[in-house]
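This report accompanies a protein model and describes selected features of its fold. Please examine the sequence and the structure before reading on.

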Amino acid sequence: MNQKILKLENLIRFHTVFRQLHGLCQRRMLAQWSPVFSSAYPVGTAQLCIRPWQIDPFVGAALSQYRLLVTKKEERAQKSPLSSPKFKKEVEVWIGMTVEELARAMEKDIDCVYEALMNTAIDIDSLEAHSHLDEVWIKEVVKKAGMKLKWSKLKQDKVRENKDAVRRPQADPALLTPRSPVVTVMGHVDHGKTTLLDKLRKTQVAAMEAGGITQHIGAFLVSLPSGEKITFLDTPGHAAFSAMRARGAQVTDIVILVVAADDGVMKQTVESIKHAKDAQVPIVLAINKCDKTEADPEKVKKELLAHDVVCEDYGGDVQAVHISALTGDNLMALAEATIALAEMLELKADLNGPVEGTVIESFTDKGRGPVTTAIIQRGTLRRGSILVAGKSWAKVRLMFDENGKTIHEACPSMPVGIVGWRDLPSAGDEILEVESEPRAREVVDWRKYEQQQEKNKENLKIIEEKRKEHQEAHRKAREKYGTLHWKERSFLKYQEKKEQKPLKTKEKEEKDSNVLPIIIKGDVDGSVEAIVNIMDTYDASHECELELVHFGVGDVSENDVNLAETFHGVIYGFNVNAGNVIQKSATKKGVKIKLHKIIYRLIEDLQEELSSRLPCIVEEHPIGEACILATFSVTEGKKKVPVAGCRVQKGQLEKQKKFKLIRNGHVIWKGSLTSLKHHKDDISVIKTGMDCGLSLDEEKVEFKVGDEIVCYEEKEVPAKTSWNPGF
């Protein structure tokens, strides 16, 4: 402020001095011309003695007023930051927002965003209004605009407190009590696993199985004559049920590997060994069907050596028991070997505290709703307990054993059916007990939230990939059209649009016929999982696209029929029913419902349905073959027509059919004949051993002695899908 006032004062003084000097010059001139006035006006001499820094009174007053105003203004400027801080506008942003959305949030033009991103690493030319911005560029734009950043709820939710339920710490070993072993029976399909369990349980499960194969994972508690109890898990041996076998290995203490003595080590036997090793579970070898004449147990033991399963006979630690599940021979020896191994493992569990377990299988019962079969691993399950599994929870209303008998509590190692689930959990989900229903809802909400966050991340990744693809396409388009005149550019774009003709109705129908939308319904979650896993192996999308619209557990419903009608799809049901009302509704709406009891029959049906969507293959069926013995030409009007003299070697030549000319194993012409003559007579058919002359519908083709002429007809044959599910 002082510098400003000083400058102003100096300027005013300079102006005053200039005025005084100007006045002095005028008076001197006046004194020279009129000396009379010099004595008469002594006042002028006094005025000449005025000091150069003397200021006009009016100017001095103005200067003092200006000094006062400037001082007050500066004082106000110093006080203002203390009284009211500078306001910054708050901008609400979120991850993955577009350029247009950011401009709208800032209440500015879209060009402001582009200006802020100039001279940065981002490629401005590739940015469109709908392009997604990374977090770093959003911050950069807001910062350059002089605004304050505020992340929206999507960002804030990421720091949400973890509300998940977890397993409790291990209990004091002194408080643990012995428990029964959980034993999983594994092996190749039809090697006698279920028959073995039938003998131990004195039941007839195998006789009731569709197709003679196990298609679910079963849990059974078997009491031996000696008083010991063993929980057995019976896993399917079919190739389609790999996930079930892996799940069985994860919850077990011991694996009984069943191998048929007459069949040896097979594909699913090897897979079962791998599952057991991955889960670090000891194996007991049961060599079944030893009552057969062609049985060779030693061969089985030698084959297993290649897979690091070394029996005690060969210096290993794997017990091998020769049995016959059909006759019951040596089954007690197998049970004793299992109990002995369990004693060595010293299996114990904590009977107190919150329950922990694993869902073995889940399904929907018409009267009971969602039901799970579970193995309890810790604690004691009672009626009224609040459980959480996956993204569902339950208040236990009812518990029952494998025979359907109601039980009041379930201890560790016990298989139990649980009724009371709000939603159907998935097979393999971990079961944890919580203190209350609100806590159960809190856990389920957290898990659903976590799943949604993962889905959002995947979606953002896909969006980013699409954005990069779009940028690359845009860059290439700029390179392509950048050097062209606008007229040439417009013409090229017009040509490209012209080439991209819309599909006609017939072409649309053909395109739709190459897509098979399907809906899968199964009796239990594990069965649906197995079928969906088989769908994942589909690798013939270039022939016909397989689209999985929906899958679920339970009977076919009206909603499934409506969904199939919307997508023009097919409903496949495995071990489920479709009522008469549903069947009539499906028929009326033109929806196919295909129900199966055996999994490989369902897959075969699906392969046939896929094949029916493929266009027919045109196959050539030979009718006759002839060899060219001589070549000559005949004149027809003004033209010379080449003619081949032939002898029919095989079958017959028919003029109305199609022909091909073969030279040195290569087809050089395909078409029809213009003439076929025997001597001078025109004929339509010539048989084996007869000579003939023929001319083709293409005059430029030259005949050579030794060429072959083949007569054939084309037949349309239904195509078969190349998809091989592996069984």
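The text below treats a barrel, one of its strands, a helix and two loop residues.

**The barrel**

The model is predicted rather than determined by experiment. In it, 6 strands close into a barrel in the order 11-12-17-15-14-18, and their pairing is antiparallel. Neighbouring strands of this sheet are turned by 50 degrees against each other on average, direction ignored. As general background, strands of a sheet pair through backbone hydrogen bonds, either parallel or antiparallel.

Within the barrel, strand 15 and strand 17 (residues 415-421) run antiparallel and are joined by 4 bridges. In this arrangement, F400 stands opposite G417 of strand 17.

**Residue S392**

S392 belongs to strand 15, which comprises residues 392-400. Is S392 buried or exposed? Its relative accessible area is 2%, so S392 is buried, the limit for this class being under 20%. Leaving aside residues up to four places away in sequence, S392 touches L387, W421, D423, L424, P425 and V444.

**Helix 15**

Helix 15 (residues 437-481) lies across strand 14 (386-389), strand 15 and strand 18 (430-434). With respect to strand 14, the helix runs at about 5 degrees. Helix 15 has 45 residues, which should span 66 Å at 1.5 Å a residue; the end C-alpha atoms are 65 Å apart, and the two values therefore agree.

Several residues of helix 15 are buried, among them R439, A440, V443, V444, W446 and R447. Further along, the buried residues include Q453, E464, R467, Q471 and Y481. In general, an α-helix has 3.6 residues a turn, so residues three or four places apart point the same way.

An unreviewed UniProt entry annotates residues 449-480 as a "coiled-coil region". In the model, this span is 100% helix and 0% strand, and its end C-alpha atoms lie 46 Å apart.

**Two loop residues with positive phi**

Most residues other than glycine have a negative phi. The table lists two residues with a positive value.

| Residue | Phi | Loop between |
|---|---|---|
| N575 | near 60 degrees | strand 21 (570-574) and helix 20 (580-589) |
| H679 | near 60 degrees | strand 27 (673-678) and strand 28 (681-682) |

Neither N575 nor H679 is a glycine. The relative accessibility of H679 is 70%, and H679 therefore counts as exposed, since that class begins over 50%.

Conventions
Residues numbered from 1 in each chain as written. Predicted model: local features only at pLDDT ≥ 70, side-chain atom pairs only at ≥ 80, totals over all residues. Heavy atoms only, no water. UniProt positions renumbered as here; feature names shortened; annotations may be inferred. Helix = DSSP H or I, 4+ residues; strand = E, 2+ residues; numbered from the N terminus. Buried < 20%, exposed > 50% of the residue type's maximum accessible area, 1.4 Å probe, protein only. Contact = heavy atoms within 4.5 Å. Pairing = 2+ DSSP bridges. Axes fitted to C-alpha atoms, helices over the stretch in contact; angles between N-to-C directions. Expected span 1.5 Å × (residues − 1).
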